Amino acid sequence: MKVGDLVRVADCVHEGDSPCGCLFCGEESNRIGIVLARYRAAKGELGLHRLWTVMFDIGTWELYDYEVKIINES
């Protein structure tokens, strides 16, 4: 993933009739955003992951590389 890539956050999966409480569902986002910057890297249980700043239709959000799917590379 790199600055300028177009990415998409996966749809939420939840059970029951209660609405999802996440920002994307709450704001009825299309979940598509453009990568603005690499924020930092962090080592976790799954290895090294980079945190990115992404601009969505509802504003900017920081997400790890494994939380999004690239839909169009810059």
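Three aromatic pairs are present in the structure, which is a predicted model. In one of them, Phe-24 and Trp-61 meet edge-to-face, with a centre-to-centre distance of 6.3 Å and an angle of 75° between the planes. Because Phe-24 belongs to helix H1 and Trp-61 to strand S4 (residues 59-64), this pair ties together parts that are 37 residues apart in sequence. The two partners can also be described by their accessibility: Phe-24 counts as buried at 7% relative accessibility, whereas Trp-61, with a relative accessible area of 36%, is partly exposed. The pair formed by Tyr-64 and Tyr-66 is stacked, since the ring centres are 5.7 Å apart and the planes lie at 5°; Tyr-64 is partly exposed, at 22% relative accessibility. Ring pairs further join Phe-56 with Phe-24 and Trp-61 in a cluster.

Both Phe-24 and Phe-56 are also members of the largest nonpolar core, which comprises nine residues, the others being Val-7, Val-9, Val-35, Trp-52, Val-54, Leu-63 and Val-68. At least two residues of this core come from strand S1 (6-9), and at least two from strand S3 (47-56), with S3 giving the most, namely three residues. Apart from neighbours within four places in sequence, Val-68 is in contact with the core residues Val-7, Val-9 and Leu-63, and also with Met-1 and Arg-8.

Phe-24 is likewise touched by Ser-29, which, when residues up to four places away in sequence are not counted, also touches Asp-57 and Ile-58. Ser-29 is located in the loop that lies between helix H1 (23-26) and strand S2 (32-44), and it counts as buried because its relative accessibility is 13%, under the 20% limit.

How values were computed: Residues are numbered from 1 along each chain as its sequence is written. This is a predicted model: local features need pLDDT of at least 70, side-chain atom pairs count only at pLDDT 80 or more; totals for chains, interfaces and linings use all residues. Side-chain values use heavy atoms; hydrogens and water are left out. A nonpolar core is a set of buried Ala, Val, Leu, Ile, Met, Phe, Trp, Tyr and Cys residues joined through side-chain atoms within 4.5 Å. Buried means under 20% relative accessible area, exposed over 50%, partly exposed in between (1.4 Å probe, protein chains only). Helices (H or I, at least four residues) and strands (E, at least two) are DSSP runs, numbered from the N terminus. Contact means heavy atoms within 4.5 Å. Rings of Phe, Tyr and Trp (its six-membered ring) pair if their centres lie within 6.5 Å; planes under 30 degrees apart count as stacked, over 60 as edge-to-face and the rest as tilted.
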